[in-house]
Amino acid sequence: MAVELHPPEKAIFMNMCMLCEGDKVLALDKTGSSYSGTTFPGGHVEEGETFAEAVIREMKEETGLCIHHPVLKGIYHWYRDGFHNIGLLYRAESYEGELKSSEEGRVYWISREEYEKKELAGGMREVLRIMDDENLTECFEEAQPDGSFLAHLS
């Protein structure tokens, strides 16, 4: 009996990192793209990179900071245009370097309380829940017929 294999899935891997310093987090006001609002820095994983290497590189490119020991907290994923988009969510508390913004948008330190009051980018409320709750490690956003998405946390 032949084993039936599932066809390979097209996937795009991304990352995001919540960098913490005391009661403050590093915010990114994302501009100029379909994904806008306040978020955490991050980006796409490039061919040949480990996921940890990718988040360290993206943080350096978008913030000027070199993070140390990023900890994987969970995943955030959804399907769009035939691709499975998979975002790896990291948290870090150690870094070096001088903070500087990039073409991605302005980066700055803000209290966690003030961060949550900002106009957050899509999905960031769920990301914050994963960052805060040791029992949550995944959010799947399911496309709805009306074009919206329904978040499933587990």
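**Notebook: aromatic rings, charges over rings and positive phi**

I first looked up F140, which at 22% relative accessibility counts as partly exposed. The value lies above the 20% limit under which a residue is called buried, so F140 falls in the intermediate class. I note that I am working on a predicted model.

Entry on aromatic pairs. I recorded the two usual descriptors, since a pair of aromatic rings is described by the distance of the centres and the angle of the planes. I then asked how many aromatic pairs the count comes to. The count comes to five. One that I examined is formed by Y76 and W78, whose ring centres are 5.9 Å apart. Their planes stand at 70 degrees, and since an angle over 60 is the criterion, this pair is edge-to-face.

I checked whether these two residues are buried or exposed. Y76 has a relative accessibility of 8% and counts as buried. W78, at 17%, also counts as buried.

I next turned to Y79 and F140, which form an edge-to-face pair with 6.1 Å from centre to centre and 75 degrees between the planes. Which strands hold these two residues? Y79 belongs to strand 6, residues 71–80, and F140 to strand 10, residues 138–143. The pair therefore ties together parts that are 61 residues apart in sequence. For Y79 I noted a relative accessible area of 40%, so this residue is partly exposed.

Entry on charges over rings. I looked up K10 and found its charged end over the ring of F83, 5.7 Å from the ring centre. I also looked up R106, which lies over the face of Y108 at 3.9 Å from the ring centre.

Entry on backbone phi. I kept in mind that most residues other than glycine have a negative phi. I therefore listed H69, a residue other than glycine whose phi is positive, near 55 degrees. Where does H69 lie? H69 is in the loop between strand 5, residues 65–68, and strand 6. With a relative accessibility of 66%, H69 counts as exposed.

I added D81, a residue other than glycine with a positive phi near 55 degrees. D81 has its place in the loop between strand 6 and strand 7, the latter spanning 83–92. I noted a relative accessibility of 71%, and because exposed means over 50%, D81 counts as exposed.

Closing note on strand 6. I recorded Y79 within this strand, H69 in the loop between strand 5 and strand 6, and D81 in the loop between strand 6 and strand 7.

How values were computed:
Residues numbered from 1 in each chain as written. Predicted model: local features only at pLDDT ≥ 70, side-chain atom pairs only at ≥ 80, totals over all residues. Heavy atoms only, no water. Phe/Tyr/Trp six-rings, centres within 6.5 Å; stacked < 30°, edge-to-face > 60°. Buried < 20%, exposed > 50% of the residue type's maximum accessible area, 1.4 Å probe, protein only. Helix = DSSP H or I, 4+ residues; strand = E, 2+ residues; numbered from the N terminus. Lys NZ or Arg CZ within 6 Å of the ring centre and 35° of its normal.
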